[in-house]
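Hi,

Here is the model I said I'd pass on. Have a look at it first, and my notes follow underneath.

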Amino acid sequence: MSLARGLYSTALTLLSPLIWQRVWREHDDRHSRLERLGILPATPAAAPDRERPIWLHAASLGEMVMMASAIEALRRRYPLRPLIVTTMTATGAAQAARLLHTPEGTPELAPARHHYLPLDFPCSARRFVSRLRPALVVLVETELWPNLIASCARQRIPVSVVNARLSPRAFTRYRKVGALMRETLSQVSALTAKAPEDLERFIALGLPAARGKTVGSLKFELEISPQAVAAGKGLREQFQGRRVWIAASTHEGEDALMLDAHAAVRARHPDALLLLVPRHPQRFETVAAQSASWCESRGETCLRRSHMSVLVGDSLGELLALYAASDVAFVGGSLVPIGGHNLLEPAALGLPLLSGPSLENFSEIAEVMTAEGALQVVDDAEALAEAVITLLEDESQRQRAGQAARERVARNRGALAGTLQQLEDLLPLSTR
């Protein structure tokens, strides 16, 4: 083990009490916590090489949603190979369970299953890789776990990083551990970046230039299921023609701003409904209580299904349906210094977009959407209320912005084909 990775592993061990706190909170009853130590059923050693699994790791819910099309494509292209999907979070696990369900009538597909990613202790990483025996590892965005990647390199298992992105802030942070990053990236077999500047940053950190290419963002490959659209239509019918705006993926500190904005919207349009959807499920009850208190102070109703002023989205997997039931979408994590969240889900549904100024994680997409007239950036609750009121009142402007958003998503598709070609270079279809 190199000095850099040894120091990293030591630091990880010292931080293990805090790490296990997080693991305990993210637990769900369908999985043993021992998975976090790399303990899981082993792939039979006698299994033919062509039946060794493909392992895909996406950290959380947003990444899992983004990878839906890629997961479906991988299962179709490598039907004999089991697909193993790992996540870090419980919300990601729930989405994985939905995506990995094998429809009836498709017995030709090898099984797919989910596990939690092991913590990146050297022994846990080695144990997990040895038991899984993957033919190919696919890591999404910036899931660069040094011990895990080193374990794959030791067993000559190709590792691909897809939809790779690295913000200027993250790049500065990674440069502080330059030796560790150089070692880790030197063991990556291939990397597809979402933008040229992302690729340049990875090369500057130590990725061999010949192993990287830019293919665009997989986020644009999002497919909205007819079921989500139908569910949204059903909800909209329940709202009986009311004006509806959604504040999605909100963080602590934003919910109160949403309610302040909604007060101004309601003053202009008393029938207006706010769909308030916190980013993290552990905040559902807190935000519901906060919203209920706000409604009661105004003599209004805040329920989760009825004629209400605020509806709090408190169920996993409902966000696309709630978007589809809305007229205008505000995407959170942007009026607090988080960096923003996925603008493309409401864009693909043809909704006009609103966001705060903290958009570092989606700067390229935000610039494109702003230039197209699909996205307005607001600085505070007052500006948000004004933008919502304008869009709710001006149907032609609302339709123009929504159509621009939808068309921009359609024009930027194509990253999936480039990503799949790179994976096929590492794992030829002839071995499927």
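**What I found**

Gly-299 sits in the loop that links helix 13 to strand 10 (310-312). (Helices here are DSSP runs of H or I with at least four residues, strands are runs of E with at least two, and both are numbered from the N terminus.) With a relative accessible area of 68%, Gly-299 is exposed; the cut-offs are under 20% for buried, over 50% for exposed and partly exposed in between, using a 1.4 Å probe and protein chains only. Gly-299 and Ala-230 are 69 residues apart along the chain, and their C-alpha atoms are separated by 33 Å.

Before you read on, two notes on the source. This is a predicted model, so local features need pLDDT of at least 70 and side-chain atom pairs count only at pLDDT 80 or more, while totals for chains, interfaces and linings use all residues. Residues are numbered from 1 along each chain as its sequence is written, and side-chain values use heavy atoms, with hydrogens and water left out.

**Strand 8 and what it touches**

I spent some time on strand 8, residues 244-250, where Thr-250 is found. Is Thr-250 buried or exposed? Thr-250 counts as buried because its relative accessibility is 0%. Its side chain makes a polar contact with the side chain of Asp-255, at 2.7 Å. (A polar contact is a pair of N or O atoms within 3.5 Å; within protein, one must be able to donate a hydrogen and the other to accept it, and residues adjacent in sequence count only if both atoms are side-chain atoms.) Leaving out residues up to four places away in sequence, Thr-250 touches Asp-255, Met-258, Leu-276, Val-277, Pro-278, Arg-279, Arg-283 and Gly-332, where contact means heavy atoms within 4.5 Å.

Ser-249 is in strand 8 too, and Ser-249 has a positive phi of about 60° although it is not a glycine. Most residues other than glycine have a negative phi. Ser-249 is buried, with a relative accessible area of 7%.

Ile-246 also belongs to strand 8 and is buried, at 0% relative accessibility. The C-alpha atoms of Ile-246 and Ala-329 are separated by 5.0 Å, with their positions 83 residues apart along the chain. Neighbours within four places in sequence aside, the contacts of Ile-246 include Leu-274, Val-277, Leu-319, Tyr-323, Ala-329 and Phe-330.

Arg-279 is in the loop between strand 9 (273-278) and helix 13 (284-297), and at 24% relative accessibility Arg-279 counts as partly exposed. Again without neighbours within four places in sequence, Arg-279 is in contact with Gly-62, Ser-249, Thr-250, His-251 and His-341. From Arg-279 to His-115 is 164 residues in sequence and 22 Å in space, C-alpha to C-alpha.

**Another positive phi**

Glu-141 has a positive phi of about 70° and is not a glycine. Glu-141 lies in the loop between strand 4 (136-140) and helix 7 (146-154), and is buried at 3% relative accessibility.

**Helices**

How do helix 4 (residues 68-77) and helix 19 (residues 415-426) cross? Their axes come within 11 Å and cross at roughly 40°, which makes helix 4 oblique to helix 19. (Axes are lines fitted to C-alpha atoms, for helices over the stretch in contact, and angles run from 0 to 180 degrees between N-to-C directions; under 35 degrees counts as roughly parallel, over 145 as roughly antiparallel, 65 to 115 as roughly perpendicular and the rest as oblique.) The contact uses Ser-69, Ala-70, Ala-73, Leu-74 and Arg-77 of helix 4 and Leu-416, Leu-420, Leu-423 and Glu-424 of helix 19.

For helix 17 (residues 381-393) and helix 18 (residues 395-411), the axes come within 5 Å and cross at roughly 100°, so these two helices are roughly perpendicular to each other. Thr-390, Leu-391, Leu-392 and Glu-393 of helix 17 meet Glu-395, Gln-397 and Arg-398 of helix 18.

Finally, helix 5 (residues 90-99) has Thr-91, Gly-92, Ala-93, Ala-94, Gln-95 and Ala-96 buried. Among the elements covering these buried residues are helix 3 (61-66), strand 2 (83-87) and strand 3 (112-116).

Cheers
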